[in-house]
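Grab the model and work through these exercises. Each task comes with a solution that goes step by step.

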Amino acid sequence: MEGKEQDVSLGANKFPERQPIGTAAQSQDDGKDYKEPPPAPLFEPSELTSWSFYRAGIAEFVATFLFLYITILTVMGVNRSSSKCATVGIQGIAWSFGGMIFALVYCTAGISGGHINPAVTFGLFLARKLSLTRAVFYMVMQCLGAICGAGVVKGFEGKTFYGSHNGGANFVAPGYTKGDGLGAEIVGTFILVYTVFSATDAKRNARDSHVPLLAPLPIGFAVFLVHLATIPITGTGINPARSLGAAIIFNKHRGWNDHWIFWVGPFIGAALAALYHQVVIRAMPFKSS
C-alpha cells in the first residue's frame, strides 16, 4: 500500500495537467504572478506507466457516468408528464445539465482537469494543454461513462417507456434543417469551450487576481444558457459523449439519423474556440494588477 501511495505521488508530480481546469488553475504562484505553462508534447508514451494517468481516466468515466445519469433521468422525467408545466420543464433540464457540469468540474478538476466532454478535450489538445495520449484516453473513458449512465436510466425507466420517449437522444427537431442543427452545435460548443479557456487562463488569473473566480461556475452557467437556447433545435448536444451514450442505448433510427451533427459540430466549435483563444486572447498584452 505504501508503494502504491508513492507511485501516485510521483505520477502526479511527473505528469501534471499542463493547464488544469477548475480551482487548481487559479492557484499557480498564489494567483499573483503570470507563468506561461509549457506546451504538452504530442505523444507522451511514458504516461502509460503512471497511476495518476489511469486515475484521471477513471475520474472522467465516473464524472461522465454521473452526468448522463442525472441529466437523462431529468429529461425522461419531463417526458413522463402529460404537461411540461407540471414538471421542471426545459428550464429544469437546462439547470440539470449546467448544474451537473458545475458540480462535476469542481469535483474532478484536481484529478483529471474536469473535461467530461470530448469537445473540451479536443479543444485543449489543439491548444497543446494535454498530450494526444491523454486526449484519446479521456475521450474513450468519457464515451464509456456516458453509455453506462444512459444504460442505467433505461433500466430505471423500462425499455418500452424509454424507447417511446426518445431516450434523451439528440436529433434535429421538426421545422429545422440539418444545417440549422449543425450551426447550433458549432456556436453552442464554441461558447462552452471559449468559456473554459477564459475561466482557466493563467494570464487572466494573474491579471485579475483581485477578482475571486470559481472556474466551474461560469463553465456550468455557459452550459445552462446554451441548453436554454438550443434544446428546441437539437435537444442540445455540445458534448459528443453525451450524444453517443444516449444514441447507443436508445438505438433507433431517429437517434442515429443526425448523429454525425453531434460530433462534427462540437469538434468544429471547439477548434474555433481554441484558435480564437490562441490568436486573440493569448496575444493580449499582460499587465499585472
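**Exercise 1. Find the volume of the largest cavity, then describe its lining.**

Step 1: the largest cavity comes out at about 130 Å³. A cavity here is a set of points on a 1 Å grid over the protein atoms alone where a 1.4 Å probe fits but cannot get out, and lining residues have an atom within 4 Å of a point. Points are joined across faces, edges and corners, and the volume is the space filled by probe spheres set on them.

Step 2: 19 residues line this cavity, and the closest to its centre are Ile 101, His 115, Asn 117, Leu 192 and Val 223.

Step 3: H3, helix H7 (178-199) and H9 each give two or more residues to the lining. Helices are DSSP runs (H or I, at least four residues), numbered from the N terminus.

Step 4: sort that lining by class and you get twelve nonpolar, six polar and one charged. Ala, Val, Leu, Ile, Met, Phe, Trp, Tyr, Cys and Pro count as nonpolar, Asp, Glu, Lys and Arg as charged, and the others, Gly among them, as polar.

A word on the ground rules: this is a predicted model, where local features need pLDDT of at least 70 and side-chain atom pairs count only at pLDDT 80 or more, while totals for chains, interfaces and linings use all residues. Residues are numbered from 1 along each chain as its sequence is written, and side-chain values use heavy atoms, with hydrogens and water left out.

**Exercise 2. Work out which elements line the largest pocket.**

Step 1: the volume of the largest pocket is about 430 Å³. A pocket is an open set of points with protein on both sides within 12 Å along at least five of seven lines.

Step 2: among its 21 lining residues, Val 75, Asn 79, Phe 171, Ile 231 and Gly 235 sit closest to the centre.

Step 3: two or more lining residues come from each of H2, H3 and helix H9 (216-234). H9 has the largest share, with four residues.

Step 4: the lining splits into eleven nonpolar, seven polar and three charged residues.

**Exercise 3. Describe how H2 packs on H3.**

Step 1: the axes of H2 (residues 51-80) and H3 (residues 89-108) come within 9 Å and cross at roughly 165°. Axes are lines fitted to C-alpha atoms over the stretch in contact, with angles from 0 to 180 degrees between N-to-C directions.

Step 2: that angle makes H2 roughly antiparallel to H3, since the label covers angles over 145 degrees.

Step 3: residues in contact (heavy atoms within 4.5 Å) include Ala 59, Leu 66 and Val 78 of H2 and Gly 89, Phe 97 and Leu 104 of H3. The contact has twelve nonpolar, six polar and no charged residues.

**Exercise 4. Look at H4: what angles does this helix make with H5 and H7?**

Step 1: H4 (residues 118-126) packs on H5 (residues 132-157) at about 175°, with the axes 9 Å apart. H4 is thus roughly antiparallel to H5.

Step 2: Pro 118, Thr 121, Phe 122 and Phe 125 of H4 meet Leu 132, Ala 135, Tyr 138, Met 139 and Gln 142 of H5.

Step 3: the axes of H4 and H7 come within 10 Å and cross at roughly 55°. That makes H4 oblique to H7, as oblique takes whatever is left after under 35 (roughly parallel), over 145 (roughly antiparallel) and 65 to 115 degrees (roughly perpendicular).
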